[in-house]
Amino acid sequence: MAPAFPPPPVNTIDWSNVGFKVREVNGHIESHYSIHTGKWSPLKFVTDPYIRLHGMAPALNYGQQAYEGLKAFRLPGNDRIAIFRPDRNALRLQHSAEFISVPPVPVDLFLSAVKAAVALNAEYVPPHETGAAMYIRPQVYGSSAQLGLSPPEEYMFCVYVLPTGVYHGTHPVKALIMDEFDRAAPNGTGSAKVGGNYAPVLRWSDKARGEGYGITLHLDSKRHEEVDEFSTSGFIGVLKEGDGKITLVVPDSKAVIDSVTSLSVQEIGRDFGWGVEKRAIKYDELPKFTEVLAAGTAAALVPIRSITKRNSNRLEGQARVSSNDGAETVTYIPEGNEEPGEICTKLLDQLKGIQLGKVEDKFGWRFEV
Ligand code: COI
């Protein structure tokens with residue numbers, strides 16, 4: 001008789017303290033593409049976490065790489081596992097792949113790979129009661145040796161999984177606006193989930209963390225007048241008017257990644273009868289928000305405790321000039337900023353309720369493994 005699926009969670013992990021770090025599991029999924037066949041190969045389960053990649057692969061030399069992040073959860077009773085909205089991530093990976101000249105991974109292949117990676121590591125999906133998840137990290141890259149700046153002949157698609165808690169924690173964090181560094185050029189790769197949008201941020205986010213800022217925020221690269229996104233997640237501003245009307249405001253910018261978490265809480269907000277506006281968000285508007293949230297797969301929803309800007313920026317002709325005159329402006333501080341706000345709590349409860357199977361999935365977001 002086949003053993004029951006899913007197996008119970010392993011007892012080698014302290015599930016009350018999963019954290020956000022790499023943990024080794026049973027293995028990952030791989031598929032390979034060659035321009036000679038024009039096809040992705042059948043999925044293969046590989047137990048070695050190290051991949052075989054030529055040192056001259058454009059993935060390593062020219063940043064020809066894109067990735068995704070999504071999550072799987074154990075449902076009540078711990079006897080079923082569901083992945084949250086993998087179809088959206090499949091499409092987003094195709095969007096990113098186009099930017100870096102990697103052949104698209106077909107949606108069906110993506111879904112099968114993600115399901116297989118979760119199923120073959122099912123004992124690492126955290127217990128339902130912890131609220132923690134299995135984080136799924138699909139990746140694509142140019143993998144064969146290539147010196148000239150043109151697409152190589154071979155590509156890899158891998159899906160890694162690992163158990164995680166939430167990134168940034170659940171308490172309000174202070175945000176620092178990145179004034180000296182721009183995440184993406186105005187007509188560049190901002191909407192693609194490519195490593196090149198993340199690596200250059202490391203030194204700034206690390207410095208900011210050392211100064212007590214848990215998260216960094218990017219304004220538009222051209223003028224620094226509008227909000228783009230946090231370095232790790234999407235931006236949501238909450239407006240609560242005197243009559244109690246609630247509106248979620250999200251940036252309409254072609255330099256931001258289409259956050260699946262943000263899209264989901266926008267749907268949830270609409271379902272609650274709230275308004276949703278996708279539009280340019282002026283920096284000057286920040287003080288009007290009653291709450292600001294960072295939305296992402298790894299982060300879920302992070303309440304923002306304050307937003308600080310240090311440098312002044314002005315346009316001289318077409319050039320933006322940034323100067324640090326020592327002034328520091330705390331541009332957004334909500335009332336009661338020590339604790340998650342009412343809207344954050346409502347959205348997060350509903351989102352987690354759907355992900356964990358505690359709330360009816362009327363949107364069809366759970367894909368059972
Ligand atoms: C995610 O939220 O899944 C991401 O990819 C962000 C990353 C910085 C952890």
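# Strands, helices and single residues, with the cut-offs behind the words

Guide: Strand E7 (residues 133-142) and strand E5 run antiparallel and are joined by three bridges. This is a predicted model, in which local features need pLDDT of at least 70, side-chain atom pairs count only at pLDDT 80 or more, and totals for chains, interfaces and linings use all residues. Residue numbers start from 1 along each chain as its sequence is written.

Visitor: What makes E5 and E7 a pair of strands?

Guide: Strands (E, at least two residues) and helices (H or I, at least four) are DSSP runs numbered from the N terminus. Two strands pair if DSSP finds at least two bridges between them. E5 and E7 have three bridges, so they meet that definition. Within the pair, Leu 70 of E5 has Ile 136 of E7 as its bridge partner.

Visitor: Which strand forms a hairpin with E5?

Guide: E6 does, with six residues between the two strands. E5 covers residues 70-74, and three bridges join E5 to E6 in the antiparallel sense. Ala 72 is opposite Ile 83 of E6, and Arg 74 is opposite Ile 81. In the turn, Gly 77 has a positive phi of about 90°.

Visitor: How do you know that E6 also pairs with E20?

Guide: E6 and E20 (residues 366-368) share three bridges, again antiparallel, and the pairing rule is therefore satisfied. Ile 83 of E6 stands opposite Phe 367 of E20.

Visitor: What makes E5 mostly covered?

Guide: Five of the five residues of E5 are buried. The word "buried" applies to a residue with 20 or more other C-beta atoms within 10 Å of its own; 12 or fewer makes it exposed, anything in between partly exposed, and C-beta atoms are placed from the backbone. In a regular strand, side chains alternate between the two faces of the sheet. In E5, Leu 70, Ala 72 and Arg 74 are on one side, Lys 71 and Phe 73 are on the other, and all are buried. E6 (residues 81-84) is likewise covered on both faces, with Ile 81 and Ile 83 on one side and Ala 82 and Phe 84 on the other, all buried.

Visitor: Why does His 36 count as exposed?

Guide: His 36 counts as exposed because it has 8 C-beta neighbours inside 10 Å. His 36 is in the loop between strand E1 (28-34) and strand E2 (39-40). Its C-alpha atom is separated by 42 Å from that of Pro 251, which is 215 residues apart along the chain.

Visitor: Is Ser 101 buried, exposed or partly exposed?

Guide: Ser 101 has 14 C-beta neighbours inside 10 Å and therefore counts as partly exposed. Ser 101 lies in the loop between helix H2 (86-99) and helix H3 (107-119), and has a positive phi of about 55° although it is not a glycine.

Visitor: Why does His 224 count as buried?

Guide: His 224 has 22 C-beta neighbours inside 10 Å, so it counts as buried. His 224 lies in the loop between strand E10 (215-219) and strand E11 (227-230). Its phi is positive, about 55°, although His 224 is not a glycine.

Visitor: Why does Val 201 count as partly exposed?

Guide: Val 201 has 18 C-beta neighbours inside 10 Å, which means partly exposed. Val 201 lies in the loop between strand E9 (173-178) and helix H4 (202-210). Neighbours within four places in sequence aside, Val 201 is in contact (C-beta atoms, placed from the backbone, within 7 Å) with Arg 183, Thr 216 and Ser 231.

Visitor: What makes H5 roughly perpendicular to H6?

Guide: The axes of H5 (residues 260-271) and H6 (residues 342-355) come within 10 Å and cross at roughly 110°. Therefore H5 is roughly perpendicular to H6; that label covers 65 to 115 degrees, with under 35 roughly parallel, over 145 roughly antiparallel and the rest oblique. Axes are lines fitted to C-alpha atoms, for helices over the stretch in contact, and angles run from 0 to 180 degrees between N-to-C directions. Ser 264, Val 265, Ile 268 and Gly 269 of H5 make the contact with Leu 347, Gln 350 and Leu 351 of H6.

Visitor: Which residues surround the ligand?

Guide: They are Gly 69, Tyr 167, Thr 232, Ser 233, Gly 296, Thr 297, Ala 298 and Ala 299. To be near the ligand, a residue must have its C-beta atom, placed from the backbone, within 6 Å of it.

How values were computed. Two residues are in contact if their C-beta atoms, placed from the backbone, lie within 7 Å.
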